[in-house]
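Work through the exercises below with the sequence and the coordinates open. Each task is followed by a solution in steps.

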Amino acid sequence: MATNVNYPPEWISGAIQARIRQRANYTCEICGLTFDPATNTAREFTDEDGRPLVGHVHHLDHFPPNCADDNLMFLCQTCHIRLHGQGWKPGDEMPLSWGNEPPPWVLRRGLPYRPNPIVASLQDSARYATRKADRAQFLIGLIESQGWISGAVDPLAEMRALLKAALAEYETRLDERGRTAEIPLREQAAQWAADRGFVDRAEALSRSGLTPVEFAAALEQGLIVPEPCPFEQSFIPRYFDPAKLCLDAAAHRALLLTREQAAAYLGVPLAVFERRRREAGIRHAQGRPPGASGPWERLYRKVDVDKLKR
Ligand SMILES: [Zn+2]
Ligand SMILES: [Zn+2]
């Protein structure tokens with residue numbers, strides 16, 4: 001593409017280009033577009049003006065006098081223009097649009113390349129945003145603020161490729177971290193509980209002597225409080241101090257149930273519970289259970305289950 005340089009005579013005669021075209025089997029070494037050997041025009045596709053695409057021979061080191069075979073490659077005119085737009089030579093930092101992934105043709109030819117530090121830092125920073133939309137916004141903002149997209153080569157495609165590479169890298173690392181982080185955290189929490197003699201919910205339920213309904217009600221009303229765990233996460237079980245599970249008789253009597261819980265406790269339909277409750281003359285709860293808070297008076301009724309069991 002450069003001018004005012006000393007091309008060897010075999011280049012000027014076209015002999016070198018013919019040899020490189022043949023070596024590439026008349027196929028663009030980047031995109032795989034195939035060419036008619038006789039006319040050196042693409043079998044498919046035309047440029048914007050409807051002219052057939054032409055095949056070019058490119059100097060990898062951008063130094064036309066160097067017509068050594070390993071410095072030459074056959075390209076369609078689109079790939080050639082794009083490559084010059086990127087300005088990449090073997091041994092250079094990869095252009096932004098590669099997202100630090102050398103394309104197959106670079107790997108195929110075993111060409112040396114160096115990572116692009118801007119892409120690397122972009123990929124590092126993107127890891128700290130958690131929501132996909134935030135990450136995309138972050139990346140776009142960064143690209144715009146740095147003025148990274150420039151030149152004649154389709155800026156949207158460049159940006160898409162960059163975003164795609166950065167996001168894919170981010171997702172992969174996030175997945176890896178998620179897979180490895182979850183298990184140790186759970187184990188740490190279990191160890192923390194074991195060190196203090198705390199038990200998980202199933203064990204707490206069995207030691208409390210309560211039914212699951214009573215246990216749930218007692219939890220809800222603050223009669224039983226799980227130990228605050230430094231590893232509080234939705235996937236970590238809640239732990240209890242067994243010493244605090246021995247509800248005394250008074251606390252047990254103060255146990256308040258919702259109507260639904262009381263019906264479930266007795267194993268009868270809600271309507272039957274309501275009828276029995278009316279017959280037994282059971283009224284609003286008196287007193288406030290320890291630890292209860294909020295508008296519990298309106299929601300709960302003290303239920304003397306022994307009375308109801310008759
Ligand atoms: Zn070139
Ligand atoms: Zn091509």
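A residue is buried if 20 or more other C-beta atoms lie within 10 Å of its own, exposed if 12 or fewer, and partly exposed in between. The model is predicted. The chain has 14 helices and eight strands, and 22% of its 310 residues count as buried.

**Exercise 1. The faces of strand 4**

Task: Determine which residues of strand 4 are buried on one side and which on the other.

Solution.
- Step 1. Strand 4 covers residues 72–76.
- Step 2. In a regular strand the side chains alternate between the two faces of the sheet.
- Step 3. One side of strand 4 carries Leu72, Phe74 and Cys76, the other Met73 and Leu75, and all are buried.
- Step 4. Both faces of strand 4 are thus covered; counted by residue, five of its five are buried.

**Exercise 2. The order of the sheet**

Task: Find the order in which the four strands form an open sheet, and the sense of the pairing.

Solution.
- Step 1. Take strand 2 (residues 41–46) and strand 3 (residues 52–59): they pair over two bridges in the antiparallel sense. Thr41 has Val54 as its bridge partner in strand 3, and Thr46 has Pro52.
- Step 2. Go on to strand 4, which runs antiparallel to strand 3 and is joined to it by five bridges. His56 has its bridge partner Leu75 in strand 4, while the partner of His59 is Leu72.
- Step 3. The order of the open sheet is 1-2-3-4, with antiparallel pairing.
- Step 4. Strand 1 (35–36) and strand 4 each have a single partner strand and stand at the edges, so one side of each has no neighbour in the sheet.

**Exercise 3. The nonpolar cores**

Task: For the largest nonpolar core, state which residues have the most contacts inside it, and which element gives the most to this core.

Solution.
- Step 1. The largest nonpolar core holds 15 residues, and those with the most contacts inside it are Cys28, Leu33, Ala42, Phe74, Leu75, Cys76 and Cys79.
- Step 2. Two or more residues of this core come from each of strand 4 and helix 3 (77–86).
- Step 3. Strand 4 gives the most, with five residues.
- Step 4. Leu33 serves as a sample member. Apart from neighbours within four places in sequence, Leu33 is in contact with Cys28, Ala42, Phe45, Leu53 and Cys76.
- Step 5. A second, separate core has twelve residues, among them Ala189, Phe215, Ala218 and Phe240.
- Step 6. As background, nonpolar side chains tend to be buried together in soluble globular proteins.

**Exercise 4. The buried side of helix 9**

Task: List the buried residues of helix 9 and decide how they are placed around the axis.

Solution.
- Step 1. Helix 9 spans 212–220. Its buried residues are Glu214, Phe215, Ala217 and Ala218.
- Step 2. These residues cover an arc of only 165° around the axis, so they lie on the same side of helix 9.

**Exercise 5. Positive phi outside glycine**

Task: Locate Tyr26 and Asn40, and classify each as buried, partly exposed or exposed.

Solution.
- Step 1. Most residues other than glycine have a negative phi, and most peptide bonds are trans.
- Step 2. Tyr26 has a positive phi of about 55° although it is not a glycine. Phi of Asn40 is also positive, near 55°.
- Step 3. Tyr26 sits in the loop between helix 2 (15–23) and strand 1, and Asn40 in the loop between strand 1 and strand 2.
- Step 4. Tyr26 has 18 other C-beta atoms within 10 Å and is therefore partly exposed. Asn40, with 18 C-beta neighbours inside 10 Å, is partly exposed as well.

**Exercise 6. Two loop residues**

Task: Classify Arg196 and Val225 by their C-beta neighbours, and give a C-alpha distance for each.

Solution.
- Step 1. Arg196 belongs to the loop between helix 7 (155–195) and strand 5 (199–200). Arg196 is exposed because it has 11 other C-beta atoms within 10 Å.
- Step 2. From Arg196 to Asp241, 45 residues apart in sequence, the C-alpha distance is 8.2 Å.
- Step 3. Val225 is in the loop between helix 9 and strand 6 (239–240). Val225 has 13 C-beta neighbours inside 10 Å, so it counts as partly exposed.
- Step 4. Val225 and Arg238 are 13 residues apart along the chain, and their C-alpha atoms are separated by 9.8 Å.

Notes: Residues numbered from 1 in each chain as written. Chains lettered and ligands numbered in written order. Predicted model: local features only at pLDDT ≥ 70, side-chain atom pairs only at ≥ 80, totals over all residues. Pairing = 2+ DSSP bridges. Core = buried A, V, L, I, M, F, W, Y, C linked by C-beta atoms within 7 Å. Contact = placed C-beta atoms within 7 Å. Arc of directions from axis to C-beta.
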